[in-house]
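Thank you all for making the time today. I would like to walk you through one structure, taking the strands, the charged pairs and the pocket in turn, and I would ask you to keep the picture in view while I talk.

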Amino acid sequence: MNERPNAQVFRGECHCGELKFEATATPEVLVDCNCTLCRRISPLWGHMHKSDFRVIRDESTIEYVQGDRTLTLHTCGKCGCTTHWEGIAPASDGVGVNFRMCEPEVLGLFRIRKFDGADTWKFID
């Protein structure tokens, strides 16, 4: 694993290019979760403050509020790639960025941790 960059802009996009984003924060780790949603879409989440994230959307964006209504997933309506989630709780200021939407070499900059979102809500690595 390479050293994590200090100040870098991470850019990503869905498969068709309709949803693009920029992340200006460097997450400590990328999270590989096994919850019922994540095991289906296979993201690698980088968590950050909403102010460190910018997305360019178009009309094809699909927003899905998951079961416990704490976050909204954002997915391209054309190609089906999930780019990020945003917290929707009243005091939530977090966002999860799907770093799988970045170029492959970006993933090598980070430690990837497995998280048991299905049962224990603990890291399992």
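Before I name any part of the chain, let me say that helices here are DSSP runs of H or I with at least four residues, that strands are runs of E with at least two, and that both are numbered from the N terminus. With that in hand, we can place S42, which sits in the loop between α1, residues 38-41, and β4. Please also bear in mind that what you see is a predicted model.

Let me stay with S42 for a moment, since its backbone deserves a look. Most residues other than glycine have a negative phi. S42 is not a glycine, and yet its phi is positive, at about 55°. As for its surroundings, S42 is partly exposed, with a relative accessible area of 38%. R69 is another residue other than glycine with a positive phi, in this case near 60°, and you will find R69 in the loop between β6, residues 61-65, and β7. R69 counts as exposed, at 56% relative accessibility.

Now to the strands, beginning with an open sheet. Three strands make up this sheet, in the order β1-β2-β5, and their pairing is antiparallel. Its edge strands are β1 and β5, each of which pairs on one side only, and from one strand to the next the twist averages 15°. If you look at β1 and β2, which run antiparallel, you will see that four bridges join them, and that F10 has A23 in β2 as its bridge partner.

The side chains of this sheet bring us to the charged pairs. In general, side chains of opposite charge can pair when their charged atoms come close. Taking a side-chain nitrogen of Lys or Arg within 4 Å of a carboxyl oxygen of Asp or Glu as the rule, we arrive at a count of six salt bridges in this model. One of them joins the side chains of R11 and E22, with 3.2 Å from N to O. Because R11 lies in strand β1, residues 10-13, and E22 in strand β2, residues 20-23, this pair ties together parts that are 11 residues apart in sequence. R11 is exposed, with a relative accessible area of 52%, whereas E22 is partly exposed, at 22%.

E22 has a further partner, namely R54, and the side chains of these two meet in a salt bridge that is also given as 3.2 Å from N to O. Here the link is between distant parts of the chain, with E22 in strand β2 and R54 in strand β5, residues 53-56, 32 residues apart. R54 counts as partly exposed, at 45% relative accessibility. Taken together, R11, E22 and R54 are linked in a network of salt bridges.

Another salt bridge is formed by E18 and K78, whose closest N and O atoms are 3.4 Å apart. Since E18 lies in the loop between β1 and β2, and K78 in the loop between β7, residues 71-76, and β8, residues 82-87, the pair ties together parts that are 60 residues apart in sequence. E18 is partly exposed, with a relative accessible area of 28%, while K78 counts as exposed, at 56%.

Let me turn next to β9, residues 94-98. Is this strand buried or exposed? Five of its five residues are buried, so β9 is largely enclosed by the rest of the structure. From β9, the residues G94, G96 and N98 point one way, and V95 and V97 point the other way. On the pairing side, β4 and β9 are joined in the antiparallel sense over five bridges, and H49 stands opposite G94. β8 pairs with β9 as well, again in the antiparallel sense, over three bridges, with E86 standing opposite V95. β8 and β9 form a hairpin that has six residues between its strands.

Finally, the pocket. About 440 Å³ of space lies in the largest pocket, and 17 residues line it, with C33, C35, C38, L71 and W121 nearest its centre. The elements that give two or more residues to this lining are β3, residues 30-33, β4, residues 45-49, and β7. Which classes of residue make up the lining? There are 11 nonpolar residues, five polar ones and one charged one.

How values were computed:
Residues numbered from 1 in each chain as written. Predicted model: local features only at pLDDT ≥ 70, side-chain atom pairs only at ≥ 80, totals over all residues. Heavy atoms only, no water. Buried < 20%, exposed > 50% of the residue type's maximum accessible area, 1.4 Å probe, protein only. 1 Å grid on protein atoms, 1.4 Å probe; cavity = no way out; pocket = protein on both sides within 12 Å on 5 of 7 lines; lining within 4 Å. Points joined across faces, edges and corners; volume = space filled by probe spheres on them. Nonpolar A, V, L, I, M, F, W, Y, C, P; charged D, E, K, R; others polar. Pairing = 2+ DSSP bridges. Axes fitted to C-alpha atoms, helices over the stretch in contact; angles between N-to-C directions.
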